[in-house]
Amino acid sequence: PAASVSWAQARAFRLARMHLVDPLGPRSLRRVAHDLGGIQAQVHSAAELQAAVRLDGLGVGAVGRALYKSKTLVKTWMMRGTIHYLDPSDLPVWASASETRMTWNKPYWQKAFGISADDVEATLAIIPRALDGACLTREALADEVHRITKNAALDELMRAGWGSVLKIVAAQGLLCFGPNEGRNVTFTRPDQWLEDWSEPPPLDEALQA
């Protein structure tokens, strides 16, 4: 027989699993990112608040240090094409699972953005080469891609604030954020930035995880 679950029970289960009932200790930031399936981080201060209500005694600046010093979190575009802070060991799994939403293969996407699937596939090959051993600002990365491709439409998308093409590359696990250079964000390769990187698992395995 089907189990009977009340709304109160469902809410209690979610609150507990999201660490909102009994917050963890301040050293459990990576676990929180893992258990939440990523901390939504379009705004950094909002991500800090999400962590603070789940981690008793979390210090000021702890999230930033986790991103760029200890590297116990990684910043990237992933679910819904938005920025998340992930447990680094989860990034390959999410990258593999994201293959189910490759919208850039659809004609409507190519028409809207004015580039072809071949352009995107070329970018997926070029950007990891451009980022080899480097952290580059958006402008520097766009300059390198344009030097190789001479594609004006692609160049415009590379420099656009929404990061349409960069999101595609990030979702494949080929790009993540590095430390800021002044007021400018930088990008780098997760397989070189993260100490315990592993290749994305097969799609079926990733979806099961």
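The questions and answers below go through the pocket, the sheet and the nonpolar cores of this predicted model.

User: Which helix gives the most to the lining of the largest pocket?
Analyst: The largest pocket has a volume of about 270 Å³, and of the 17 residues that line it, Gly81, Arg101, Thr103, Lys167 and Ile168 are the closest to its centre. The lining divides into eight nonpolar, six polar and three charged residues. With four residues, the helix that gives the most to this lining spans residues 164-171, and that helix is α10.

User: In β6, which residue is the bridge partner of Thr137?
Analyst: The open sheet is formed by three strands in the order β4-β6-β5, with antiparallel pairing, and its edge strands, β4 (136-137) and β5 (176-181), each pair on one side only. Two bridges join β4 to strand β6, which covers residues 184-188. For Thr137, the bridge partner in β6 is Thr186.

User: Which helix supplies the largest share of the largest nonpolar core?
Analyst: This core has 43 residues, and those with the most contacts inside it are Tyr85, Ile127, Leu141, Met158 and Leu175. Several elements each supply at least two of its residues, including α2 (29-36), β3 (83-86), α7 (117-130) and α8 (138-149). The largest share amounts to six residues and comes from α7.

User: How many residues does the other core, which includes Val74 and Met78, have?
Analyst: The largest nonpolar core, with 43 residues, counts Met158 among those with the most contacts inside it. Another core lies apart from it, with Val74, Met78, Met79 and Leu86 among its members. The number of residues in that other core is nine.

Definitions and conventions: Residues numbered from 1 in each chain as written. Predicted model: local features only at pLDDT ≥ 70, side-chain atom pairs only at ≥ 80, totals over all residues. Heavy atoms only, no water. 1 Å grid on protein atoms, 1.4 Å probe; cavity = no way out; pocket = protein on both sides within 12 Å on 5 of 7 lines; lining within 4 Å. Points joined across faces, edges and corners; volume = space filled by probe spheres on them. Nonpolar A, V, L, I, M, F, W, Y, C, P; charged D, E, K, R; others polar. Pairing = 2+ DSSP bridges. Core = buried A, V, L, I, M, F, W, Y, C linked by side-chain atoms within 4.5 Å. Buried < 20%, exposed > 50% of the residue type's maximum accessible area, 1.4 Å probe, protein only.
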